[in-house]
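Visitor: Could you walk me through this protein, one piece at a time?
Guide: Gladly! Have a look at it first, and then we can talk.

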Amino acid sequence: MLAGCRRALPAALGRALRGRAVGPGRRAVSTSWCPVGAAFDAKQQQQPRGSAAGRETGLFGVPELSCPEGFQEAQDKALQESEQLVQKACSTPPGPETVMIFDQLSDALCRVADLADFVKIAHPDFAFREAAEEACRNIGTVVEKLNTDVELCQSLRRLLADEVVMSSLDPETRRVAELFMFDFEISGIHLDEEKRKKAVNLNVRILDLCNEFLTGAHLPNKIDKHVLPEHIRYNFTAEGNHLQVAGLHADCPDDLVREAAYKIFLYPNAEQISRLEELLASRNSLAQLVGYDTFAHRALQGTMAETPETVTRFLQKLSDQLSKRTQKDFEMMTKMKMKLNPHNSKLMPWDHPYYSGVLRAERYNIDPGLYCPFFSLGACMEGLNSLFSQLLGISLYAEQTQRGEIWSEDVRKLAVVHETEGLLGYIYCDFFQRPDKPHQDCHFTVRGGRLRENGEYQLPVVVLMLSLPHSTRGAPTLLSPGMMENLFHEMGHAMHSMLGRTRYQHVTGTRCPTDFAEVPSILMEYFANDYRVVNQFARHYKTGQPLPKNMVSRLCESKKVCAAADMQLQVFYAALDQIYHGKHPLKKSTTEILKETQEKFYGLPYVPNTAWQLRFSHLVGYGAKYYSYLMSRAVASMVWKQCFAQDPFDRAMGERYRREMLAHGGGKEPMLMVQGMLQKSPSVEDFVDALVSDLDQDFETFIMDS
């Protein structure tokens with residue numbers, strides 16, 4: 001019997017099917033729901049009892065989207081609705097209704113744009129992807145115009161200027177009003193007409209450059225195959241007399257293959273250099289046009305860090321604390337390289353990922369093949385279900401989809417149900433590999449939650465996208481430890497979306513500052529690495545044997561091997577991002593800055609004739625905010641140690657976590673949410689200490705392995 005099917009009918013569903021009353025605001029529990037583990041370990045989706053599977057609907061249940069042409073119809077409807085709302089906003093007297101109208105306007109556009117943003121990269125049908133891309137472009141253009149609409153802005157400005165009305169607003173409404181005004185200001189609303197046009201044009205150009213840079217960042221490089229020794233050519237894709245190098249081959253045991261891949265893949269491309277330089281210069285011009293010293297100052301307003309100066313101080317202090325540990329890590333890697341390759345023992349940047357992995361495997365014997373049988377996808381989903389149930393009173397149920405609702409037959413739809421509040425929202429799980437699907441794990445908001453005008457709550461809808469292997473004839477989908485951790489990470493984002501039950505869509509769930517948005521997902525990684533949590537679900541899919549505790553301990557401790565060097569690399573990336581988005585014009589070329597920053601913040605030598613920054617795709621989505629991963633990890637570490645390390649199933653702490661951090665989305669200042677959870681406002685030094693203390697070995701495991 002499949003692992004997920006061994007469990008009894010979940011209590012919450014059982015109660016509901018026995019006719020539990022549905023109170024005000026609750027949603028009745030659907031009889032087409034089934035236990036979550038069974039849905040993921042099953043070979044294919046089961047047709048439900050009494051289902052409407054024969055009826056045709058559109059993607060995500062949106063009727064217009066049953067065909068690619070429907071995007072035009074959905075877009076036209078959204079634009080028509082937005083025109084009416086703009087007129088309404090401009091004629092409404094200052095008051096809370098003004099904020100509600102602005103949020104309705106945001107929701108009307110986001111409902112199409114957010115959905116299209118996912119479809120354009122993930123739908124298997126090119127026609128759907130193309131139609132979604134066009135919808136994204138068109139709505140993006142409208143948003144740029146609205147952000148520089150003087151009359152629309154005046155309606156909001158009248159509200160913000162009315163002290164009596166503003167003092168009567170609740171804190172969330174006040175903050176949302178201020179956030180809408182911030183959007184106007186960073187788009188240059190306060191400028192004269194000529195400069196506003198310039199700001200719009202810069203925004204459009206930046207968007208184009210971002211897309212061009214992303215495309216260039218992933219393009220393979222070609223080389224004449226005769227340049228490489230014959231015995232390593234098979235590692236690369238052949239194309240006539242050329243070889244295509246599409247990545248760094250970081251896991252390849254052959255030093256020469258990794259070196260060749262590094263030097264070829266990162267070889268400078270003049271067009272990509274030009275794109276990057278223009279992107280950075282355009283961002284700086286836009287920032288200065290709207291009144292900021294640098295793009296980093298503009299990007300960091302409203303974040304936990306608040307200013308580039310704080311980020312720089314954080315990165316410098318962290319680098320100082322890491323330096324000795326990093327040096328030891330590099331010495332260990334050098335010794336390992338010398339042992340395996342005595343003729344070439346100098347440690348180079350292409351060696352770091354490989355030899356740190358070799359050291360982990362040798363020291364702790366953590367062959368992923370030993371772990372995978374204990375992590376069937378169904379078991380992992382039941383583990384998440386159990387954790388959320390104990391911690392937050394939430395259960396996950398698989399719900400049958402209608403024909404046309406999903407874009408691939410292996411997508412699963414989960415209903416998220418609270419034990420007293422009822423249905424909270426839906427998660428579409430696009431977990432499996434397929435041709436042309438991006439190999440990236442991510443969370444997409446498809447529809448944000450908000451309180452509708454009629455008093456009902458618009459339920460949030462999100463997609464989680466992973467790249468997991470399919471089940472085989474003899475086994476369900478089995479996850480490596482890394483895949484399992486990624487699943488927990490993305491589910492952290494999903495819970496943020498489900499529980500960020502804000503009045504306004506503009507600040508729903510993960511619509512919050514980047515350096516706070518990663519906290520709930522990274523916190524879930526700590527749960528994924530705790531034996532008490534893992535022990536609840538990790539069972540061998542054939543024998544039912546639980547995963548031994550020493551295997552979990554070894555896995556957790558193995559992650560600390562060379563972890564200082566890994567973190568130092570992230571510091572280098574974050575520092576580079578800050579410099580690129582700092583004071584302009586840049587004093588040197590982007591490659592010279594890379595070389596200088598690498599020598600200061602990393603420690604391994606720059607390789608001549610390489611330009612790693614041209615592959616740094618995070619410069620697009622995380623411009624000036626790449627530090628967010630490190631700062632979010634610091635906060636997650638503090639929350640874990642102070643609130644959950646003693647008991648990861650502590651319901652009181654779970655409720656506090658929801659109340660103080662998850663419930664507000666972006667409707668509250670991020671540092672106030674952290675302060676509410678930790679009962680103090682952490683300093684830069686606290687952030688650094690939290691990250692560095694995570695690198696210390698666990699004494700119990702150390703003794704066990706001695």
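**Pairs, helices and turns**

Guide: By the rule that a salt bridge is a side-chain nitrogen of Lys or Arg within 4 Å of a carboxyl oxygen of Asp or Glu, the count comes to 41 salt bridges. This is a predicted model, in which local features need pLDDT of at least 70 and side-chain atom pairs count only at pLDDT 80 or more, while totals for chains, interfaces and linings use all residues. Residues are numbered from 1 along each chain as its sequence is written, and side-chain values use heavy atoms, with hydrogens and water left out.

Visitor: How many residues apart are arginine 258 and aspartate 351?
Guide: The side chains of these two, arginine 258 and aspartate 351, form a salt bridge with N and O at 2.8 Å. Arginine 258 sits in helix 10 (residues 255-265), and aspartate 351 in the loop between helix 13 and helix 14 (352-364). Helices here are DSSP runs (H or I, at least four residues), as strands are (E, at least two), numbered from the N terminus. The pair links distant parts of the chain, and the separation in sequence is 93 residues.

Visitor: Is aspartate 351 buried or exposed?
Guide: Buried means under 20% relative accessible area, exposed over 50%, and partly exposed in between (1.4 Å probe, protein chains only). Aspartate 351 has a relative accessible area of 0%, so the word for aspartate 351 is buried.

Visitor: Which residue forms a salt bridge with arginine 313?
Guide: Arginine 313 is in helix 13, and its partner is in helix 28 (residues 684-693), 372 residues apart. Arginine 313 counts as partly exposed at 40% relative accessibility, and the partner is partly exposed too, at 33%. The closest N and O atoms are 3.9 Å apart, and the partner is glutamate 685.

Visitor: Where does lysine 641 lie?
Guide: Lysine 641 meets aspartate 694 in a salt bridge, 2.9 Å from N to O. Aspartate 694 lies in the loop between helix 28 and helix 29 (699-705), so the pair ties together parts that are 53 residues apart in sequence. Lysine 641 itself is partly exposed, with a relative accessible area of 38%. Its place is helix 25 (residues 628-644).

Visitor: What is the nearest side chain of opposite charge to glutamate 490?
Guide: Glutamate 490 is found in helix 17 (residues 481-499). Leaving aside residues up to four places away in sequence, glutamate 490 touches Asp441, Cys442, His443, Leu464 and Leu466, where contact means heavy atoms within 4.5 Å. For charge, Lys and Arg count as positive and Asp and Glu as negative, with His and the chain ends not counted. Glutamate 490 is buried yet has no salt bridge, and the nearest side chain of opposite charge, 11 Å away, is arginine 633.

Visitor: How many Å away is arginine 363 from aspartate 329?
Guide: Aspartate 329 belongs to helix 13 (residues 308-340). Its contacts, not counting residues up to four places away in sequence, are Cys562, Ala563, Ala564 and Ala565. Aspartate 329 is buried and has no salt bridge, and arginine 363, the nearest side chain of opposite charge, is away by 7.4 Å.

Visitor: Are helix 4 and helix 8 parallel or oblique to each other?
Guide: Val99, Phe102, Asp103 and Ser106 in helix 4 meet Thr173, Val176, Ala177, Phe180 and Phe184 in helix 8. The axes of helix 4 (residues 96-122) and helix 8 (residues 171-186) come within 10 Å and cross at roughly 55°; axes are lines fitted to C-alpha atoms, for helices over the stretch in contact, and angles run from 0 to 180 degrees between N-to-C directions. Angles under 35 degrees count as roughly parallel, over 145 as roughly antiparallel, 65 to 115 as roughly perpendicular and the rest as oblique. Helix 4 and helix 8 are therefore oblique.

Visitor: Which proline follows histidine 584 through a cis peptide bond?
Guide: Look in the loop between helix 22 (563-580) and helix 23 (590-601). The peptide bond from histidine 584 has omega near 0°, and leads to proline 585.

Visitor: What is phi of aspartate 436 near?
Guide: Aspartate 436 lies in the loop between strand 7 (422-432) and strand 8 (442-447). At 68% relative accessibility, aspartate 436 counts as exposed. Its phi is positive, in a residue other than glycine, and is near 70°.
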